[in-house]
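Hi,

Here is the structure I promised to pass on. Have a look at it first, and then read on for what turned up in it.

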Amino acid sequence: MPNVVDITVFSLLLLWLLVPISLLLMAGISARASTSESLQRAWKISRWLTASALAASLAVGVLLLLDAQGVPTGLPEAAQPLGLYPDGLAVWMALLISLLGTVLLRFAENYLKGDRGERRFLPWCLVVLASVMLLVFTHHLVVMLIAWVGISVALHHLLTLYPERVEAQRAAWQKFIVSRLGDAALIVAVALLYARFGTFQLPELFAAAALTPGGWQVEAASVALAIAALCKCAQVPMHGWLIKVMEAPTPVSALLHAGVINLGGFVWLRLFPVFDGLTLGHYLLIVIGGFTALVAVMTMLTQASVKHALAWSTCAQMGFMLFEIGVGAYTLALAHLLAHSLYKAHSFLASGRTVRASRCVRLPLASLRQRLSLALPAAALSAGVLVVWPALVSHNPLLGALLSLAVGSTLLGMPLGTAKLNRLGMFVMALALVPLYALLHSLLAPALPSAYTPLTFSAGLLGGMVLVSMVLVAGLVTLFPQAAWVARWRVHFSQGLYLALPFQRVVDAVAPIRAWRRASSPVPDLKGEWS
């Protein structure tokens with residue numbers, strides 16, 4: 001007979017599952033709202049639901065901690081009949097999604113008040129949030145696949161919130177086609193994993209992979225999964241849509257850049273235990289993710305528009321995250337995913353303040369000699385610490401190099417005339433990145449079945465070449481911004497080296513993009529990039 005603990009745990013998990021289902025129901029109700037009062041009630045109930053998801057996710061996280069300490073909560077057994085997989089990764093992602101959803105809905109309600117796109121925004125936004133939650137919560141690959149497709153379809157309607165904008169249509173249809181390629185790749189990956197292990201359920205899949213690892217189906221599935229992630233994360237050469245979606249309102253940009261675009265990385269973090277070490281898919285992520293990060297970082301530095309710079313930043317950050325997954329640094333990739341989501345949501349929602357802040361007079365930089373006199377010792381000292389305690393970076397030399405470079409690069413922006421005491425403070429704060437990452441690692445590593453995969457020689461060599469290329473190009477541009485060759489290449493990087501053009505031309509030829517119809521009078525209630 002079930003006891004009180006079993007009933008409580010089951011009820012909590014049932015609430016966890018009912019939130020995304022309720023959001024889907026609320027999407028249908030809000031779409032049929034006939035008055036402004038009923039629409040406002042829909043906004044309010046939706047915010048309440050996402051806040052409930054946040055509370056339920058915290059409670060599930062507490063149960064996981066108790067379970068890890070040996071307290072029998074019965075959490076896995078209660079989750080199985082509900083189709084849930086409440087592990088650490090699901091809880092961290094659920095906390096992120098529910099927090100972002102609550103903030104985003106509150107912002108969007110005020111931002112879109114009186115706008116004619118308001119009635120279309122809320123239903124499709126709720127479908128996106130519900131689908132992302134189902135993708136994160138489920139223990140079944142087919143449900144994960146359906147949620148993956150549902151997110152993309154709902155996002156297409158948000159990107160075309162103002163269908164008379166031709167550039168919005170071009171971006172949305174390019175995203176639509178890229179997403180269908182990603183959907184096909186994920187279907188192939190799921191089919192191959194089922195053919196190898198004979199199950200769609202994650203617990204059984206991981207258990208079977210631990211007993212009988214490897215096989216050509218697994219290797220091929222890794223390549224298909226890599227293609228799906230590269231499409232979802234807007235990597236070269238299928239990245240052009242991400243830069244062009246600024247015609248949509250700011251809340252749509254925040255939802256896309258802070259949530260949806262990270263899902264390629266999440267699916268890899270969910271499924272990497274089925275792979276035996278580093279696979280061909282990992283190598284694909286190293287090469288394309290690293291190259292995308294290099295191009296996107298350089299392009300971001302040439303942008304005059306705040307939102308375009310943020311879009312290129314997202315492209316670069318996704319490249320870095322996939323690069324980290326490619327070298328087997330899964331804990332770092334999870335930390336990157338969570339931090340990027342929070343940072344990018346704030347950046348888009350506060351982009352107006354960024355424009356005002358850019359009008360401030362910039363302080364001139366200190367001389368190159370002064371900056372390097374702090375940056376090089378800080379990088380060397382952090383590298384020495386990581387050599388002594390390699391577990392801080394999962395015994396991965398590429399991670400150690402990345403962290404040491406991050407420590408040193410923070411000091412390259414030291415302004416002219418900085419007092420000695422302030423220099424010392426900057427030096428200490430830069431070194432504090434090492435224990436800060438150690439703290440994040442200790443918090444997030446238990447959320448994953450394995451914190452890292454041992455780096456092979458070939459993957460280390462390939463990743464090292466990518467990393468050296470990034471450091472050389474970014475370092476030269478940062479340290480010598482007035483050099484003649486920098487000026488010559490600036491115009492080309494401002495267009496992303498034109499890498500998106502071939503795919504864009506194909507999309508323009510096949511997509512049903514309607515011609516622009518100029519309105520007879522200005523329409524003041526449209527909100528997009530310049531609002």
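Let's start with a question to try on screen: leaving aside its neighbours within four places in sequence, which residues is glycine 265 in contact with? Keep in mind while you look that this is a predicted model.

The residues to find are Cys233, Met321, Leu322, Ile325 and Leu337. Glycine 265 itself belongs to helix 12, which covers residues 263-271. Its relative accessibility is 0%, so glycine 265 counts as buried. You can also check a distance here: alanine 228 is 37 residues away along the chain, and its C-alpha atom is separated from that of glycine 265 by 9.9 Å.

Now zoom out to the whole protein. There are 23 helices and 0 strands. The radius of gyration is 24 Å, close to the 24 Å that the globule rule gives for 531 residues, so the protein is as compact as a globular protein of that length. If you drew a box around the C-alpha atoms along the principal axes, it would come out at roughly 70 × 65 × 45 Å.

How much of the protein is buried? Of the 531 residues, 52% are. Contacts tell you something about the fold as well: take those with a separation of 6 or more, and 82% of them are between residues 24 or more positions apart. As for the outside, the accessible surface comes to about 23,500 Å², and carbon and sulfur atoms account for 71% of that. On the charge side, you'll find 34 positive and 19 negative side chains, with the centres of the two sets 14 Å apart.

Next, helix 15, which runs over residues 330-349. I picked out three of its residues for you.

- Leucine 334 sits in helix 15 and is buried, with a relative accessible area of 0%. Not counting residues up to four places away in sequence, leucine 334 touches Leu89, Leu269, Leu444, Ala447 and Leu448. There is a link back to our opening residue too: leucine 334 and glycine 265 are 69 residues apart in sequence but 8.2 Å apart in space, C-alpha to C-alpha.
- Histidine 340 is in helix 15 as well. Its relative accessible area is 2%, which is under the 20% cut-off, so histidine 340 is buried. Its contacts, leaving aside neighbours within four places in sequence, are His257, Asn262, Thr314, Gln317 and Met318.
- Alanine 345 is another residue of helix 15, and it is buried at a relative accessible area of 9%. Not counting residues up to four places away in sequence, alanine 345 touches Leu100 and Ala258. The C-alpha atom of glycine 259, 86 residues away along the chain, is separated from that of alanine 345 by 8.4 Å.

Then there's the loop between helix 9 (216-232) and helix 10, where you'll find proline 237. The peptide bond from valine 236 to proline 237 is cis, with omega near 5°. Alanine 234 lies in the loop between helix 9 and helix 10 too. Its phi is near 55°, a positive value in a residue other than glycine. With a relative accessibility of 0%, alanine 234 counts as buried.

Which residues of helix 23 (residues 501-510) are buried? They are Phe503, Gln504 and Val507. These residues cover an arc of only 100° around the axis, which puts them on the same side of helix 23. Arg505 and Ala509, on the other side of helix 23, are exposed. And what do the buried residues pack against? Their partners are helix 7 (166-197) and helix 10 (240-244).

One last stop is glycine 413, in the loop between helix 18 (397-409) and helix 19 (420-431). Is glycine 413 buried or partly exposed? Its relative accessible area is 46%, and that makes it partly exposed. Glycine 413 and cysteine 233 are 180 residues apart along the chain, and their C-alpha atoms are separated by 29 Å. Cysteine 233 should ring a bell, since Cys233 is one of the contacts of glycine 265.

Have fun turning it around!

Cheers

Terms used: Residues are numbered from 1 along each chain as its sequence is written. This is a predicted model: local features need pLDDT of at least 70, side-chain atom pairs count only at pLDDT 80 or more; totals for chains, interfaces and linings use all residues. Side-chain values use heavy atoms; hydrogens and water are left out. Helices (H or I, at least four residues) and strands (E, at least two) are DSSP runs, numbered from the N terminus. The radius of gyration is taken over C-alpha atoms; the globule rule is 2.2 Å times the number of residues to the power 0.38. Buried means under 20% relative accessible area, exposed over 50%, partly exposed in between (1.4 Å probe, protein chains only). Contact means heavy atoms within 4.5 Å. Accessible areas come from the Shrake-Rupley method with a 1.4 Å probe; for residues, only the protein chains shown count as cover. Lys and Arg count as positive and Asp and Glu as negative; His and the chain ends are not counted. The place of a charge is taken as NZ of Lys, CZ of Arg, CG of Asp or CD of Glu. The arc is that of the directions from the helix axis to the C-beta atoms.
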